[in-house]
Amino acid sequence: MAYNLLKGKKGIIFGALNEQSIAWKVAQRCHAEGAEIVLTNSPLALRMGELNKLAEECNAPVIPADVTSNEDVTNLFTKSMEHFGGGVDFVLHSIGMSVNVRKNIHYTENNYDFTHKGFDISALSFHRVLQTAMKLDAINEWGSVLALTYIAAQRVFPDYNDMADNKAYLESIARNFGYQYGVKKHVRVNTISQSPTRTTAGNGVKGFDGFVNYAEKMSPLGNADADQCADYVVTLFSDLTRMVTMQNLFHDGGFSFTGVTQAVIEQMEK
Ligand SMILES: NC(=O)c1ccc[n+]([C@@H]2O[C@H](COP(=O)([O-])OP(=O)(O)OC[C@H]3O[C@@H](n4cnc5c(N)ncnc54)[C@H](O)[C@@H]3O)[C@@H](O)[C@H]2O)c1
């Protein structure tokens with residue numbers, strides 16, 4: 001069901017790779033709620049060609065940007081402003097990648113060139129996006145910026161590897177830039193800490209099935225899926241949440257505050 005919550009709003013969505021991507025679902029929901037969007041992903045991801053399907057469905061231009069390049073991110077905001085004839089009201093950062101995870105390198109053995117690359121893509125890029133937007137004055141008053149994160153920023157999930165450190169940094173940027181952007185232009189900046197979700201990035205984590213099943217058993221409401229995440233994102237892009245900023249918001253069916261569940265106790269008693 002659509003409520004026209006984003007009617008008249010314009011936004012940029014990073015990170016839709018394929019139909020499983022959280023950003024893909026967010027784009028569809030934003031479009032259904034009346035928003036106009038620009039889609040972006042790295043030139044490498046665009047070569048896969050899947051994004052064109054979504055672009056057609058949402059009537060959205062696709063502007064390539066490698067999020068580690070100042071030039072690309074500047075070009076993205078400049079072109080988006082030309083396209084919309086002004087600033088944007090929301091931005092979704094839905095990007096994550098760790099070379100150490102991909103190459104199955106243990107946390108204690110991390111290769112620092114790989115660590116740097118993953119950090120640049122997964123964490124520092126959020127600062128780059130915010131800094132570029134601020135310089136170009138690309139986000140309208142009371143705009144909303146969101147990034148996606150995972151609870152490994154607060155608690156240890158050993159196979160999440162260096163992505164845990166990247167997520168801790170990402171969440172810190174949301175607080176610190178959120179302060180600055182709030183004072184300057186009433187722009188709010190938050191992170192959503194999402195349940196494990198079956199996507200390309202998610203499946204890259206070692207033992208991901210175990211992760212998903214454990215979280216499902218440990219959450220009173222069960223795991224939140226990508227469509228439900230998209231619903232939550234829409235509320236945070238809407239005018240109904242204008243005073244929420246600098247927060248890490250758990251969207252995880254209650255996992256983050258659950259000590260143990262009956263289902264897990266029963267499993268342990270077997
Ligand atoms: N899947 C999960 O279990 C889960 C849980 C919590 C948080 N998250 C977070 O959600 C976000 C989206 O991931 P997803 O699960 O939808 O997976 P996904 O693989 O569909 O999305 C990751 C995206 O990052 C993009 N990307 C990688 N390098 C880039 C670069 N240099 N420039 C621009 N874009 C680049 C990829 O092309 C891809 O579109 C990530 O931040 C991820 O950490 C995922």
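How many residues surround the ligand, and which are the closest? In this predicted model, 26 residues surround the ligand, and the closest are S21, G96, T199, A201 and G202.

## Ligand shell

Three elements each give two or more residues to the shell around the ligand: α1 (22–32), β4 (139–149) and α8 (200–203). Of the elements, α8 gives the most, with three residues. By class, the shell is made up of 12 nonpolar, 13 polar and one charged residues.

## Residue T199

T199, one of the closest residues to the ligand, is placed in the loop between β5 (188–194) and α8. The residue has 23 C-beta neighbours inside 10 Å and therefore counts as buried, the threshold for burial being 20 or more.

When neighbours within four places in sequence are left aside, T199 is in contact with Q20, S21, I22 and A226. S21 is thus both a contact of T199 and one of the closest residues to the ligand. Between T199 and V145 the separation is 54 residues in sequence, and their C-alpha atoms are 22 Å apart in space.

## Overall fold

The chain contains 11 helices and six strands. Its C-alpha trace spans about 60 × 45 × 40 Å along the principal axes. For 270 residues, a compact globule would have a radius of gyration near 18 Å; the chain has 18 Å, so the two agree.

Buried residues account for 45% of the 270 residues. Among contacts in the chain with a separation of 6 or more, 73% are between residues 24 or more positions apart.

## Helix α4

Helix α4 comprises 15 residues, from 70 to 84. At 1.5 Å a residue, the helix should span 21 Å; its end C-alpha atoms are 21 Å apart, which agrees with that expectation.

Within α4, the residues V73, L76, F77 and S80 are buried. They cover an arc of only 90° around the axis, and therefore lie on the same side of the helix. On the other side of α4, N70, E71 and E82 are exposed.

The buried residues of α4 pack against three strands and a helix, namely β1 (10–14), β2 (36–40), β3 (88–93) and α6 (112–135). After α4 comes G85, which has a positive phi near 70°.

How values were computed
Residues are numbered from 1 along each chain as its sequence is written. This is a predicted model: local features need pLDDT of at least 70, side-chain atom pairs count only at pLDDT 80 or more; totals for chains, interfaces and linings use all residues. Helices (H or I, at least four residues) and strands (E, at least two) are DSSP runs, numbered from the N terminus. The radius of gyration is taken over C-alpha atoms; the globule rule is 2.2 Å times the number of residues to the power 0.38. A residue is buried if 20 or more other C-beta atoms lie within 10 Å of its own, exposed if 12 or fewer, and partly exposed in between; C-beta atoms are placed from the backbone. Two residues are in contact if their C-beta atoms, placed from the backbone, lie within 7 Å. The expected span of a helix is 1.5 Å times one less than its number of residues. The arc is that of the directions from the helix axis to the C-beta atoms. A residue is near a molecule or strand if its C-beta atom, placed from the backbone, lies within 6 Å of it. Ala, Val, Leu, Ile, Met, Phe, Trp, Tyr, Cys and Pro count as nonpolar, Asp, Glu, Lys and Arg as charged, and the others, Gly among them, as polar.
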